[in-house]
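Colleague: I should like to learn how to read pockets and cavities in a model. May we take them in turn?

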Amino acid sequence: MQFKHHGLSSEMLLELYKAMLKPRMIEEKMLILLRQGKISKWFSGIGQEAISAGVAMCLDPEEYILPMHRNLGVFTTRNVPLNRLFSQWQGKKNGFTKGRDRSFHFGTQDYKIIGMISHLGPQLGVADGIALADLLRNDKRVTAVFTGEGATSEGDFHEALNIAAVWNLPVLFCVENNGYGLSTPISEQFRCKHIADKGKGYGMESYIIDGNNILEVYSRVSALSRSVRQRPRPVLLEFKTFRMRGHEEASGTKYVPQQLLDEWAAKDPIENYVAYLKEEGILSEEAEVEIKKEFIHEIDENLQLAFEEEGIKSSETDELNDVYKEYVYQQVKPLEKTSNIRLVDAVSAGLRQSMEKHSNLVILGQDIAEYGGVFKVTEGFVEAFGRDRVRNTPICESAVVSAAMGLSINGMKAVMEMQFADFVSSGFNPIVNYLAKVHYRWNEPADVVIRMPCGAGVGAGPFHSQTNEAWFTKTPGLKVVYPAFPYDAKGLMATAVNDPNPVLFFEHKALYRSVYQDVPDSYYTLPFGEANLLREGKDLTVVTYGAGVHWMIELLDAHEDLQVDLIDLRTLQPLDLQSVFTSIRKTGKCMVLQEDTLFGGIASDIAASVMEECFEYLDAPVKRVGSLETPVPFARSLEEMYLPKGRILREIRQLLAY
Ligand SMILES: Cc1ncc(C[n+]2csc(CCOP(=O)(O)OP(=O)(O)O)c2C)c(N)n1
């Protein structure tokens, strides 16, 4: 192995040695503890230290690094206290996740390290968002994100690189090509010769770097970092290295040819570098022993701290309280002047006024800039706020959700427009696994609103008609808003943007241009978790939201004999069950109406809650009414049969007659 010192001082050359040695020694200790049954799992980065340590040494402390599961060297180079790392791995309180997540699955703003989720790929899009925030503030910073070569097969890799290229984001995409993804060799993972070859396809600079040579890693990455700070752009770096141990310790390396292991053992990044330092007279035997002694002492001392720390204790209340970041609702009352506007105008006005109020708010979505979005919600926004803050995105739902998370991590707010709620499936993973869980896991809020133009009744078939709120009400950590009226839509949008938690904001397409209301011109907010009692009657409670509200109003207007309490939920998470219970204690009967297919929907949960809380008050079983258990059909006659609208009256009559 050839080492060139590139004019680095002896002190610096020694620093680089120490930066690799510390994670190696920690790992060696962990392997012993693993055998003793004192820790449960270990993903080894032995043999890959030059990459983690080298890259981390090149970045300034305020620049973000997004490591993966083999990048202990990032944490040690950033001087994360070892006792906290050890506590983290033991699931203790001095760790970073209050025992809620394991190994390297955490981030820490104190050290500007943003850890992974198990799904690997979303990490790359998060880096895009972080870098975008830097770029918008002209901070002249670079962001480094790691991935293994295996995870480059995920769509997230493609999406994140594509976005970074299109937006010229200052990201170093650091691929550690270590030969295997679990048991899968690179020949079964990708077809091109080098991962770096993919850079060309994205219109992106890319380089191959010897990942076992710390001086090559450090000199190349520091030069590139300086250059990227001055001229923001993404760079793809492929570090050639090898995974010397199993995927995790239990899985072993039986499937790896011995010859490969031997070849790479000879290229050990630390042993070779030590030999070079000794040859150059920079490191003596005595100094080496001394350094190791110090590290052993530091490791043992910190391990003792972690072992002495008592096991995690919590309460149900503490656990539940950390799912969402605490948000104290700020009421802003509207001024008197109103205009008669449609739901679509109200969403637009709420968003526009939020853009005026929050200079750190960025809107992301397909065709939302000059084109104004397919529903014209952002029409005129580019003229008002500029293209930096009203950003057209490539068709990359997953990485755009991740980028929205990255914006939030780096001090911004984000609203993402899903072109149609149906397409959220392409961005589902980061929503339910990253945004929803990040506050519970390591106390980081996801200040993101995802707008969801949804719903049937528009003759648009299976992929432009779904109302998929149940995919999200199921997932702790998300808030779900579903207004039925312009007044609510505008005020709830303002609150959704103010609230630092992730909000799925459903906007029914069939209501966009059919529902009018007098809506205050001024900015105002409305609280989450407060249902609206729209009509009062003594015989029956109907609980619904979205289009269901309007079906019910039409029906009640046509049938004045019906005595119904009509409840519009307005938000589904939080869910105002108390208003529902209060009404049922009066009426004794309840129907829950939803546009979605019935099974597994929110109507089922409301019905169950009513049964649990109001059993003694009920004079009939709770009735759920929803769509047929089929996809949403295209032809109007089929769609009418699918939707519950035509069945509501019959169901109400039967329930009243029970
Ligand atoms: C979406 C997803 N699929 C599969 C896995 C299981 N898994 C975890 S790590 C891993 C291998 C990753 O390989 P690579 O990206 O090359 O990183 P390495 O482990 O080699 O450092 C696999 C298959 C996962 N965690 N997430």
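Colleague: By class, how many nonpolar, polar and charged residues does the lining of the largest pocket have?

Modeller: Please keep in mind that this is a predicted model. The lining of the largest pocket has six nonpolar, five polar and six charged residues.

Colleague: What volume does the largest pocket have, and which residues are the closest to its centre?

Modeller: The largest pocket holds about 350 Å³ of space. Its lining comprises 17 residues, and those closest to the centre are Ala456, Gly457, Trp551, Leu643 and Lys645.

Colleague: Which elements give two or more residues to the lining of the largest pocket?

Modeller: Three helices do so: α20 (509-512), α21 (547-558) and α24 (636-642). The most comes from α21, which gives four residues.

Colleague: How should the second largest pocket be read, and what is its volume?

Modeller: The general idea is to take volume, centre, elements and class in order. The volume of the second largest pocket is about 280 Å³. It is lined by 18 residues, of which His69, Gly148, Gly150, Tyr180 and Gly181 are the closest to its centre. Two strands, β2 (143-148) and β4 (180-181), are the elements that give two or more residues to this lining.

Colleague: How does the lining of the second largest pocket divide by class?

Modeller: Its residues divide into five nonpolar, ten polar and three charged. Glycine is counted as polar here, so Gly148, Gly150 and Gly181, which are among the residues closest to the centre, fall in the polar class.

Colleague: Let us turn to cavities. What distinguishes a cavity from a pocket?

Modeller: A pocket is an open set of points, whereas a cavity is a set where a 1.4 Å probe fits but cannot get out. This structure holds two cavities of 30 Å³ or more.

Colleague: What volume does the largest cavity have, and which residues line it?

Modeller: About 40 Å³ of space lies in the largest cavity. Its lining includes Val323, Tyr324 and Lys325, as well as Leu435, Ala436, Val438 and His439. By class, that lining has eight nonpolar, three polar and one charged residues.

Colleague: Which residues line the second largest cavity, and which elements give two or more of them?

Modeller: This cavity has a volume of about 30 Å³. Among its lining residues are Pro23, Glu27, Glu49, Ser52, Leu72 and Gly73. The elements that give two or more residues are α1 (10-35), α2 (49-58) and α3 (72-77). The lining divides into two nonpolar, five polar and three charged residues.

Note on methods:
Residues are numbered from 1 along each chain as its sequence is written. This is a predicted model: local features need pLDDT of at least 70, side-chain atom pairs count only at pLDDT 80 or more; totals for chains, interfaces and linings use all residues. Side-chain values use heavy atoms; hydrogens and water are left out. On a 1 Å grid over the protein atoms alone, a cavity is a set of points where a 1.4 Å probe fits but cannot get out, and a pocket is an open set with protein on both sides within 12 Å along at least five of seven lines; lining residues have an atom within 4 Å of a point. Grid points are joined across faces, edges and corners, and a volume is the space filled by probe spheres set on the points.
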